[in-house]
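Work through the exercises below with the model open beside you. Try each task before you read its solution.

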Amino acid sequence: MNDPNGLFYSPTQRLYHLYYQYNPSALVAGNQHWGHATSPDLYHWTNHPIALSPPAPSTYVFSGSAVVDVDNTSGFFDRGHKDGVVAIFTLAEYNPDGTAGPQTQNIAYSKDGGYTFTYWDEGNPVIAGEGGGSSQFRDPKVLWHEPTSSWVAAIAYAQDFVVGIWTSPDLKRWTWASNFTRHGLLGAQWECPNLVRLPVRPGVLPDDDGEDAYVLAISLQPGAPLGGSATQYFPGRFNGTHFEPIDEVTRLTDFGKDNYAAQYFYGLEGEDEALNIGWASNWQYAQDVPTDTEGWRSAMTLPRRSYLANATRMGLVMVDELVDPAPVLDTVLMREEWEGNRSVTVDYAGVESNALYIDVNVTGLDAGKISSSSILRMSFSSLASGETLRAGFYFGGDQPFFVDRGLVRGYDNVFLTDKLSVADVWNTTSGTWRFQGVIDRSIYEVFLEGGVHAGTVLFYPTEPLTVLSLSSSDLPRGTNVSVAVWGLKSTWS
Ligand code: FRU
């Protein structure tokens, strides 16, 4: 599988729906369908039969989104039906010689709350490609814009580096409204644009006039700074037809290499309005990673809650906070608190899921006493093979947080960049720093300062990693370290 598609929340079913790019006939992309899964809590998932299959030979169902058409603007649903779902997605045609043919935007509707869909054969495609350039035109993401009572779609003209904004009263008739062109990083293609309204922490925006804030996230690949795929985002304003970034800054959603094409759920409100899930991989090695021996390739990231906030020194950032993992927390394996320096070990060989949640809170940090060697280290090791996944944070100097997957040896690929890091400037006023991480067999997701920085890192050991070591060194007196480690339940049980 690859990209998450059609993410929406159904208030009547109290379920999150997630579709995904899925090839049922091979362990690489190609014969693209929409797979389907649902969850009551974003952690426990039930897989369902395929929701969208190719409607014609050599025509694949590429990425797209879904909305709940509560007011039946589309006319597909019966009176009083509050759970009508409309999916909008790209159909990608391929020529007999294998080269890419046209890519068009199409819709399908579901009268059973998102489980089965009917293609709108009478009217598809709803957008055939006017207004752009090349045939690489895909990945529509739809939102409802209340002030103009209109549906809005952001669609990528992938190789022209354009996000086209289109509007519609009924999800069927679409009008081109504007283009957002060549901002930030280009790479060699733009894909999966997401235009969504974002919750904002009070006082964050300079002209805090109550106007809504939006984010335009654009996935790009190949050609990301670390190679392959990455996602950049622009906080901004949106008036129903045009998106204006607030500043000229290019920001990335992840300092790792393995979080791509994230999509935001449709249909959520308040603090949870902008929940997203990404595809935890990178096109540089997604089709090659060694999990094929177990009959699968690729997984989604953990769910993240986004909002606009001010980060220390950097100012405006979109925080990607881990959605509370309470639904999957099992037994506490360790809870320790100490001052200064210490080292602790947790043997988690007995945790059946082989997955952990780690929460570290450091308080009492004094910038004046921190030295360049003040560090918190953590490593996950296999005693059987000697492999180690290591990470750590230097509180002094450039304040880098790093993850090193180079001492894990189950997979070799020249593009599997092994050393990843980010400068995570902690708040000298509060003197605090927080780390949260989830390690799950072959994926490590870290959240620094509650998600000011997030990193998603795949790793493939030859033997399961089963020992966690955590240590602080050269931390001055008065610095308190509090660590809690949980084993996780299986999300599939
Ligand atoms: C992004 C992407 C999309 C496309 C889909 C095909 O990963 O390339 O642009 O719709 O994957 O599977």
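**Exercise 1: the ligand site**

A polar side-chain atom of Asn-2 sits 3.0 Å from an oxygen atom of the ligand. Start from this pair and list the residues that surround the ligand.

Before you start, note the ground rules. This is a predicted model, where local features need pLDDT of at least 70 and side-chain atom pairs count only at pLDDT 80 or more, while totals for chains, interfaces and linings use all residues. Residues are numbered from 1 along each chain as its sequence is written, and side-chain values use heavy atoms, with hydrogens and water left out.

Solution.
- Step 1. Collect the residues with a heavy atom within 4 Å of the ligand. They are Asn-2, Asp-3, Gln-21, Gln-32, Phe-62, Ser-63, Arg-138, Asp-139, Glu-191, Tyr-260 and Trp-283.
- Step 2. Check Gln-32. An N or O atom in its side chain is 3.0 Å from an oxygen atom of the ligand.
- Step 3. Check Trp-283. Here a polar side-chain atom lies 2.8 Å from a ligand oxygen atom.

**Exercise 2: two domains and their interface**

Find the domains, then describe how domain 1 and domain 2 meet.

Solution.
- Step 1. Set the bounds, which come from an automatic or database domain assignment. Domain 1 covers 4–322 and domain 2 covers 326–488.
- Step 2. Count the residues in contact (heavy atoms within 4.5 Å). Domain 1 gives 33 residues and domain 2 gives 35.
- Step 3. Take the buried area, the accessible area (1.4 Å probe) that two parts lose on being put together, summed over both. Between the two domains about 2,700 Å² is buried, and carbon and sulfur atoms give 65% of that.
- Step 4. Look for salt bridges (a side-chain nitrogen of Lys or Arg within 4 Å of a carboxyl oxygen of Asp or Glu). The rule finds two across this interface.
- Step 5. Name the elements on the side of domain 1 that touches domain 2. Strand 20 (304–311) and strand 21 (315–322) each give two or more residues. Strands are DSSP runs (E, at least two residues), numbered from the N terminus. Strand 21 gives the largest share, six residues.

**Exercise 3: a long-range pair**

Which residue does Arg-405 meet in a salt bridge?

Solution.
- Step 1. Recall the principle. Side chains of opposite charge can pair when their charged atoms come close.
- Step 2. Find the partner. Arg-405 meets Asp-258, at 2.9 Å from N to O.
- Step 3. Place both residues. Arg-405 is in the loop between strand 27 (400–404) and strand 28 (419–423). Asp-258 is in the loop between strand 17 (251–252) and strand 18 (260–264). The two are 147 residues apart, so the pair links distant parts of the chain.

Technical notes: Helix = DSSP H or I, 4+ residues; strand = E, 2+ residues; numbered from the N terminus. Polar contact = N/O pair within 3.5 Å; in protein donor to acceptor, adjacent residues only side chain to side chain.
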